[in-house]
Amino acid sequence: MDGRDYGRVDVMVRPDGGPVVLEVNTLPGMTETSLLPKAAAAAGISFAELCRRMIDMAAQRAPAATH
């Protein structure tokens, strides 16, 4: 899949304890009420900080701009 930085993987657990991947969402919702921002908030990361971190991760991969 070659995904980077963030995504959402929906998983169910079988009665025997084995995982079943239902969906890999490479672009989960990014409103303040979406699950990724809610998970970040639960970890003490504000929506603005989450966005900054995502931009920083992408910028670190980008080649240096030359002018």
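User: What is the relative accessible area of aspartate 10?
Analyst: The model is predicted: local features need pLDDT of at least 70, side-chain atom pairs count only at pLDDT 80 or more, and totals for chains, interfaces and linings use all residues. Residues are numbered from 1 along each chain as its sequence is written, and side-chain values use heavy atoms, without hydrogens and water. Aspartate 10 counts as partly exposed (between buried, under 20%, and exposed, over 50%; 1.4 Å probe, protein chains only). Its relative accessible area is 23%.

User: Which residue meets aspartate 10 in a salt bridge?
Analyst: A salt bridge puts a side-chain nitrogen of Lys or Arg within 4 Å of a carboxyl oxygen of Asp or Glu. Here the N to O distance is 2.8 Å. The partner of aspartate 10 is arginine 8.

User: How many residues apart are glutamate 23 and arginine 8?
Analyst: Glutamate 23 forms a salt bridge with arginine 8, with the closest N and O atoms 3.6 Å apart. The pair links distant parts of the chain, strand S2 and strand S1 (strands are DSSP runs of E, at least two residues). The separation is 15 residues.

User: Which helix holds both arginine 52 and glutamate 49?
Analyst: These two side chains form a salt bridge, the closest N and O atoms being 3.2 Å apart. They sit three residues apart, about one turn of the helix. The helix (a DSSP run of H or I, at least four residues) spans residues 47-61 and is H2.

User: How exposed is arginine 52, by relative accessibility?
Analyst: Its partner glutamate 49 is partly exposed, at 26%. Arginine 52 also counts as partly exposed. Its relative accessibility is 45%.

User: Which residues do salt bridges with shared partners join into one network?
Analyst: Arginine 8 pairs with aspartate 10. Arginine 8 also pairs with glutamate 23. In helix H2, arginine 52 and glutamate 49 are three residues apart. The network joins Arg8, Asp10 and Glu23.
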